[in-house]
Amino acid sequence: MPQFDPTFFSPQLFWLAVTFIGLYVLMARVSIPRIGAVLEERQRRIDENLSKAAALKADTDAAIEVYERALAESRGKAQAMIKETVDRMAHEAENRQREVGARLAEQIKAGEARIEAAKAQALASVREVAADVARATVERITGQTPDEARLAEAVATAMEKR
Amino acid sequence: MASPVEQFKIKPIIPIEIGGIDISFTNSALFMVVSVALITVFLTHGVRSRAMVPGRWQSMAELSYEFVANMIRDNVGAEGRRYFPFIFALFMFVLFGNLIGMIPMTFTYTSHIIVTFALAFVVFLGVTVIGFARHGLHFFRFFFPHGAPILTAPILIPIELISYLSRPFSLAVRLFANMTVGHIILKVIAGFVVAMGVAGVVPLAFLAGVTVLEFGIAVLQAYVFTILSCIYLHDAIHMH
């Protein structure tokens, strides 16, 4: 096999040394820094974008928090306002009801008094009419005027029986 | 018909001799130069646009970079960053040597034991120097594991020493043998295809399969060579 022929050991070793050292220098000086720079730049860009995204997210969170707080605040305020209004309305309604009730009771009482008076008056006039009728009846039948006192007594007795 | 080992023959292109030493520019040297040129073009041309979203070539260049970078990070650790250019050059040199060799009529310099041995020996020497530079004479503790009973020293130390010294040989022979045998198999099967006439489609199909396999081996052996170098480097930096 030609691999074991020492004749060509020296030229192979020499050119291996030359090419490999050349390759090492090219890699170390040119290729690796270039690729490394590209990768680093990309990593830097990615990191930058990530931190930017994180900052934006923090901003958003803060804005949301402010909004939520404002919302809760106004909700509480509205609730208090509603409660206050409802209380005031209820109070007012109660007052008015009490006032109206008192007035009605007064009117009822006045009415009852009026009715009572009318009733008494009516009863009195009924007695008078009954006495007149009785006197006229007696005059027509007997032809003489009856005694006022006896007439009144008779009418009272008759009305009592009723 | 040519012998299956004909493909490994070295042919001088420009005969050069300095101080009685033959340093002729051969077909082997030619493909080393081609390989270095291709690697450089592949890596620098690929990323020339410095695109944020990489294209096909840039993606491949970045992929090879990150592949080796991850390999060093996982196997050597943070201290391995200093040796990244060397490991990267080693990986690309072996990988391109293997892959260019898959093109018909080319020469595979990684199928030459002297080349693989030289690379492996550089790794071995470098690792040993790094080990002594970092740990001084304490590096000799490497040959006697911590916690082992002192009585086992006469057995353990020679075993550890031999296994350490055989590293460059196993590293070199693994790559050389894989590449050589693979190419011989391809050549022999290709010979059958021609010899069997119409029935040659059977070995031809087989040849296609083996070719795919050989591409896999080309990449795998470059990976194995590099990762073993990383592991040896790890041993030198961190001891056991």
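A residue counts as buried when its relative accessible area is under 20%, as exposed when that area is over 50%, and as partly exposed in between. The exercises below apply this cut-off and others to a predicted model.

**Exercise 1. Decide whether Thr40(B) is buried or exposed, and find which residues it is in contact with.**

Step one is to place the residue: Thr40(B) belongs to helix α1 of chain B, which covers residues 27–46. Step two is to apply the cut-off: the relative accessible area of Thr40(B) is 13%, and because this value is under 20%, Thr40(B) is buried. Step three is to list its surroundings: when neighbours within four places in sequence are left aside, Thr40(B) is in contact with Leu26(A), Met27(A) and Ser31(A) from chain A, and with His45(B) from chain B.

**Exercise 2. Classify Arg73(B) and Ala158(A) by their relative accessibility.**

Start with Arg73(B), which is found in helix α2 of chain B, residues 56–75. Its relative accessible area is 53%, so Arg73(B) is exposed. Turn next to Ala158(A), which lies in helix α2 of chain A, residues 148–161. With a relative accessibility of 44%, Ala158(A) counts as partly exposed.

**Exercise 3. Describe the contact between chain A and chain B, beginning with how many residues each chain gives to it.**

First, count the residues: chain A contributes 33 residues and chain B contributes 47 residues. Second, consider the area: about 3,700 Å² is buried between the two chains, and carbon and sulfur atoms give 80% of it. Of the area that chain A buries against chain B, 17% comes from Gln3(A), Gln12(A) and Trp15(A), which is more than any other three residues supply. Third, look for polar interactions: nine residue pairs, both members at pLDDT 80 or more, are in polar contact between chain A and chain B. On the side of chain A that touches chain B, the residues divide into 22 nonpolar, seven polar and four charged. Finally, one salt bridge is counted between the two chains; Arg42(A) forms a salt bridge with Glu62(B), and their closest N and O atoms are 2.8 Å apart.

**Exercise 4. Explain why Glu41(A) and Arg44(A), as well as Arg98(A) and Glu94(A), are separated by about one helical turn.**

Take the first pair: Glu41(A) and Arg44(A) form a salt bridge, with the closest N and O atoms 3.3 Å apart. These two residues are three residues apart in helix α1 of chain A, residues 9–142, and are therefore separated by about one helical turn. Glu41(A) is partly exposed at 29% relative accessibility, and Arg44(A) is partly exposed at 45%. Now take the second pair: the side chains of Arg98(A) and Glu94(A) meet in a salt bridge at 3.6 Å, N to O. Because Arg98(A) and Glu94(A) are four residues apart in helix α1 of chain A, about one helical turn separates them. Arg98(A) counts as exposed at 53% relative accessibility, whereas Glu94(A) counts as partly exposed at 47%.

**Exercise 5. Determine which parts of chain B the pair Arg167(B) and Asp235(B) ties together.**

Begin with the distance: the side chains of Arg167(B) and Asp235(B) meet in a salt bridge at 2.6 Å, N to O. Arg167(B) lies in helix α6, residues 167–195, and Asp235(B) in helix α7, residues 201–238, so the pair ties together parts of chain B that are 68 residues apart in sequence. As a last step, check accessibility: Arg167(B) counts as buried at 12%, and Asp235(B) counts as buried at 12%.

Terms used. Residues numbered from 1 in each chain as written. Chains lettered and ligands numbered in written order. Predicted model: local features only at pLDDT ≥ 70, side-chain atom pairs only at ≥ 80, totals over all residues. Heavy atoms only, no water. Contact = heavy atoms within 4.5 Å. Buried area = accessible area lost by both parts, 1.4 Å probe. Salt bridge = Lys/Arg side-chain N within 4 Å of Asp/Glu carboxyl O. Polar contact = N/O pair within 3.5 Å; in protein donor to acceptor, adjacent residues only side chain to side chain. Nonpolar A, V, L, I, M, F, W, Y, C, P; charged D, E, K, R; others polar. Buried < 20%, exposed > 50% of the residue type's maximum accessible area, 1.4 Å probe, protein only.
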